[in-house]
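Thanks for coming. I have one structure to go through today, so please look at the sequence and the coordinates on the screen.

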Amino acid sequence: MNIQAPVKVDKAERMRKAREEAYATPLSQFHPGAPRLFQDDTLWPWFERLRKEEPVHYCTNAPIDPYWSVVKYNDIMHVDTNHGIFSSDSTLGGISIRDVPEGYDWPSFIAMDQPRHSAQRKTVSPMFTPTHLDELAKLIRQRSQTVLDNLPRNETFNFVERVSIELTTQMLATLFDFPWEERRKLTRWSDVSTALPKSGIVAGAEERRREMDECYAYMSRLWNERVNSAPRNDLLSLMAHNDATRHMDPDNLMGNIILLIVGGNDTTRNTMTGSVLALNENPEQYDKLRANPELIDSMVPEVIRWQTPLAHMRRTALQDTEIGGKPIRKGDRVVMWYVSGNRDDEMFDKPNEFIIDRPRPRTHLSFGFGIHRCVGMRLAELQLRIIWEEMLKRFDRIEVVGEPKRIYSSFIKGYESLPVRIPA
C-alpha cells in the first residue's frame, strides 16, 4: 500500500455537496436512515436540518416501511426511558430501523420488554462487576502490549485489522471461553449478523443463512458443554446455570449469543478505530493528549460520543402517544438517532468539535438509557482507556495516511479499514 496524505480537500468538497443536497431536499423526501449517508460520512447536514426544522420527522420516502425519526437529545431520552410506551420486542420488529428479517427473529434480552428483559439481563451482569473488570484489566493490558509491540514501523497497515479487530476478538473469546484458535469466527458472525443485503459482506440471503446456521450449531455445542459441567466464569456458563436463562428455547439462546457477540465486537472495535481517526483530524487535541496523558479519562467518553458506534435504536409504539407535539400511533416504528442526539447543540457546547477535556463527557447517548443501557459499557471504556495508555507509552504518534473505508449500515457506525503508519 502506498503511503499518502489524507485528502482533506476531497472531504471538504464532499461535505459541501452533502450540505447543499440536504438543504435543497424537501423534508417530505428525507430518508435519514439511508445507509449510503453513513458509508459516505455525509449524514451530518441531514440530521442538522432535522434538529433545526423538524426534530420529530415521519419518513415515507424509503424502501422500508415508514418510520419516525427522533433526533433531539431530550426527545430521545423520553423514548429510551419510557419502555412501557415504546417496545423493543423482536415480535414487533426489534431494535433496528429495519424489521428483523424473517427467520432471524431470535429474541434477545435487548429486544424484550419487562419482565423477561431484566431477568435475562441479570444473568450476564456478574461478568461486568468492578471486581471482575479489575481482573480483566490485567489481561487487556497484557494483550494490548503484545499487539502493539508487533506493529510495523514506517509501513502502512490497516489499524482495523491489526489492532481493533484483534483486541476485541480476543476479549470476546475470553468472555465466552471460546476456542482461542477459532476466535475469528466470532468476528465473522458479528459482521454477518448485522450485514445489510448491499453491504458486500455476504453474497446473499442463502450465504447469510448458511453462516448463521454454522454459528447456531457451534454455539449450541458449547452451550451443551457448559450446561453439563460445573459453573465457570464465562457468559455461556453464567446463562447455563441461572434459572432465568437455563431453559431458554434455542431461538432465545441464539438471540442472546448474537447480542453479546455484536455488543462486545462492533461497538468497541469501531470506537477504537474512531479514536485514532478523531485525534488525527484534530491534531491540537492529539498534542494536548500527548502532553497530558491523564486526559485519557475524559477523552474516552468524548470519543464514544463523537463516534457513536450504534447510530440508532428503534422502538415500536405500544399505544397512541406523542413526541415533540407529533402524534405517534400504536404500532408506529420510532427510531432514536443517538448519532444526532450526540450532536445536539442544546445539550453539548460546540457539539461537532472533538474536545478531549470536555466537561461532563459522560452525558452522551451512545450507551442508551433506561432499562436497556449497555450492560458492557464499563468494559468498553476500560478497553479504550488501556489501549491508549499503552499507545502513548510506545508511539509519539499514529498517523492516518488515507481515507477510512466505512461500512454500509445506518445501524452499526463503523469501519472496514483505516490506513495508518507509525513513524520510526
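Which are the buried residues of H9? This is a predicted model, so please keep that in mind throughout. The buried residues of H9 are Glu207, Arg208, Glu211, Met212, Cys215, Tyr218, Met219, Leu222, Trp223, Arg226 and Val227. The cover over those buried residues includes four helices: H7 at 159-176, H8 at 184-193, H10 at 235-240 and H11 at 250-281.

On its geometry, H9 is 23 residues in length, and from first C-alpha to last the helix reaches 32 Å. That is close to the 33 Å expected at 1.5 Å a residue.

Let me take one residue out of that list. Glu211 sits in H9, which runs over residues 205-227. The relative accessibility of Glu211 is 13%, and the cut-off for buried is under 20%, so Glu211 counts as buried. Once neighbours within four places in sequence are set aside, Glu211 is in contact with Arg188, Trp189, Val192 and Val202.

Now the whole chain, before I go back to single residues. How many helices and strands are there in the chain? There are 15 helices and 12 strands. The radius of gyration is 21 Å, and the globule rule gives 22 Å for 424 residues; the two are close, so the chain is as compact as a globular protein of that length. The C-alpha trace spans about 55 × 50 × 40 Å along its principal axes.

On burial, 58% of the 424 residues count as buried. The accessible surface comes to about 17900 Å², with 50% of it belonging to carbon and sulfur atoms. For contacts between residues at least 6 apart in sequence, 71% join residues at least 24 apart. As for charge, the chain has 57 positive and 60 negative charges, and their mean positions are 2 Å apart.

Next, the stretch around H15. Glu381 is placed in helix H15, residues 377-394. Is Glu381 buried or exposed? With a relative accessible area of 8%, Glu381 falls under the 20% cut-off and is therefore buried. Not counting residues up to four places away in sequence, Glu381 touches Val300, Ile304, Arg362 and Phe367.

Ahead of H15 there is a loop that starts from helix H14, residues 338-341, and Pro351 has its place there. Pro351 is buried as well, with a relative accessible area of 8%. Which residues is Pro351 in contact with, leaving aside its neighbours within four places in sequence? They are Arg305, Asn342, Arg343, Asp344, Asp345 and Arg358. For a distance along the chain, Pro351 and Glu294 are 57 residues apart, and their C-alpha atoms are separated by 22 Å.

Gly368 is also found in the loop between H14 and H15. The relative accessible area of Gly368 is 3%, so Gly368 is buried. With neighbours within four places left aside, Gly368 is in contact with Asp80, Tyr338 and Arg373. Gly368 and Thr321 are 47 residues apart along the chain, with 21 Å between their C-alpha atoms.

On the other side of H15, Arg397 has its place in the loop between H15 and strand S9, residues 399-400. Again leaving aside neighbours within four places in sequence, Arg397 is in contact with Tyr286, Asp287, Arg290, Arg421, Ile422 and Pro423. How far is the C-alpha atom of Arg397 separated from that of Asp177, and what is the spacing along the chain? The separation is 34 Å, for 220 residues along the chain.

Last, two backbone angles for anyone who checks phi values. Asp41 is not a glycine, yet has a positive phi of about 60 degrees. Asp41 is found in the loop between helix H2, residues 35-39, and helix H3, residues 44-53. Asp41 has a relative accessible area of 7%, so this residue is buried.

Asn154 is the other one: a positive phi of about 55 degrees, although Asn154 is not a glycine. Asn154 lies in the loop between helix H6, residues 130-149, and strand S4, residues 157-158. Here the relative accessibility is 46%, so Asn154 counts as partly exposed.

That is what I have. Comments are welcome.

Key. Residues are numbered from 1 along each chain as its sequence is written. This is a predicted model: local features need pLDDT of at least 70, side-chain atom pairs count only at pLDDT 80 or more; totals for chains, interfaces and linings use all residues. Side-chain values use heavy atoms; hydrogens and water are left out. The radius of gyration is taken over C-alpha atoms; the globule rule is 2.2 Å times the number of residues to the power 0.38. Buried means under 20% relative accessible area, exposed over 50%, partly exposed in between (1.4 Å probe, protein chains only). Contact means heavy atoms within 4.5 Å. Accessible areas come from the Shrake-Rupley method with a 1.4 Å probe; for residues, only the protein chains shown count as cover. Lys and Arg count as positive and Asp and Glu as negative; His and the chain ends are not counted. The place of a charge is taken as NZ of Lys, CZ of Arg, CG of Asp or CD of Glu. The expected span of a helix is 1.5 Å times one less than its number of residues.
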